[in-house]
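Open the structure in your viewer and keep the selection tool ready. We will go from the whole chain to single residues.

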Amino acid sequence: MVKMSRKSNSAILRLKQDYLRLKKDPVPYVLAEPVPSNILEWHYVVKGPESTPYEGGFYHGKLIFPEEFPFQPPSIYMTTPNGRFKVNTRLCLSISDFHPDTWNPAWTVSTILTGLLSFMIEKIPTFGSINTSDYEKKVLAFRSLEYNLKDKMFRELFPETVTAIQTELEHRKELEKQARHQSTALEVSSLIRDRLQREQSPLHNAVTNLVVIIGFAAFAYTVKYVLKNIATE
């Protein structure tokens, strides 16, 4: 028991140091927070980088650290459907417990998160990864916002991200509302135009016929006048 306690204390001390470093120097596109009741369990959120199929998405996952950390690597999971990794499955990465032989005790939580992001935007297959099209990934990125809001742990650990997601969803709803209004306005305009064309059609035909009759009468009168002059001469 004493031996396990020392290991646990060592892991806790190291993770606290890593947390301070992470707050001072954040990893681009990634947020991470430990569970308040258990510092050996961390949750992260990857914000999809621009110019990738994940742009606009938020991807939630967790890191489970062993009591032997930093001498043993953590387990890494992805919770949000994303088109790259299977959900709730241990990921086979060089920075995870799938490959303890490649683990470096000098690596920090920031190193792990940076490596995870790098592997996510690549297309190298491994255990726990899946092969979907970029279109499917973009669809999942769009849906990830609502998916994450249903996750209690996500809401508790990342309140600012929750607010940002709610704002984005409201913006999307407003755009959809405007699009529906524009579509309705176009339909009404088309119906009015068609009705006017139908109503104006008889009048237009009558005017056209009258013009033809007048033109024909004028032509007949002109011919008659010319013939009369010829006869007189």
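The tour starts with the whole chain, moves to the sheet, and ends on a helix.

**Whole chain.** Remember that this is a predicted model. Select everything and colour by secondary structure. You should find five helices and four strands. Now trace the chain from the N terminus. The elements come in the order α-β-β-β-β-α-α-α-α. Next, show the surface. The accessible surface is about 15,100 Å². Carbon and sulfur atoms account for 60% of that surface. How much of the chain is buried? Of its 233 residues, 33% are buried. Contacts tell you about the fold too. Take those between residues at least 6 apart in sequence: 54% of them join residues at least 24 apart.

**The sheet.** Select the four strands. They form an open sheet, in the order β1-β2-β3-β4, with antiparallel pairing. Which strands stand at the edges? Select 30–35 for β1 and 75–78 for β4. Each has a single partner strand, so one side of each has no neighbour in the sheet. Look along the sheet to see its twist. Neighbouring strands are turned by 25° against each other on average, direction ignored.

**One edge, close up.** Keep β4 and add residues 58–64, which are β3. The two strands pair in the antiparallel sense over four bridges. Find two bridge partners here. K62 is matched with Y77 in β4. I64 is matched with S75, also in β4.

Now show the side chains of β4. Which way do they point? S75 and Y77 point one way, while I76 and M78 point the other way. In a regular strand, side chains alternate between the two faces of the sheet. Are these four β4 residues buried or exposed? All of them are buried.

**The helix across the sheet.** Select residues 109–121, helix α2. This helix has 13 residues. From first C-alpha to last, α2 reaches 19 Å, close to the expected 18 Å. Keep the sheet on screen. α2 lies across β1, β2, β3 and β4. Pick out β2 at 38–47: α2 runs at about 35° to that strand.

**Last stop.** Show the side chains of α2. Which of its residues are buried? They are V109, S110, I112, L113, L116, L117, F119 and M120. Check the spacing as you click along. An α-helix has 3.6 residues a turn, so residues three or four places apart point the same way.

Notes
Residues are numbered from 1 along each chain as its sequence is written. This is a predicted model: local features need pLDDT of at least 70, side-chain atom pairs count only at pLDDT 80 or more; totals for chains, interfaces and linings use all residues. Side-chain values use heavy atoms; hydrogens and water are left out. The expected span of a helix is 1.5 Å times one less than its number of residues. Buried means under 20% relative accessible area, exposed over 50%, partly exposed in between (1.4 Å probe, protein chains only). Two strands pair if DSSP finds at least two bridges between them. Axes are lines fitted to C-alpha atoms, for helices over the stretch in contact, and angles run from 0 to 180 degrees between N-to-C directions. Contact means heavy atoms within 4.5 Å. Accessible areas come from the Shrake-Rupley method with a 1.4 Å probe; for residues, only the protein chains shown count as cover.
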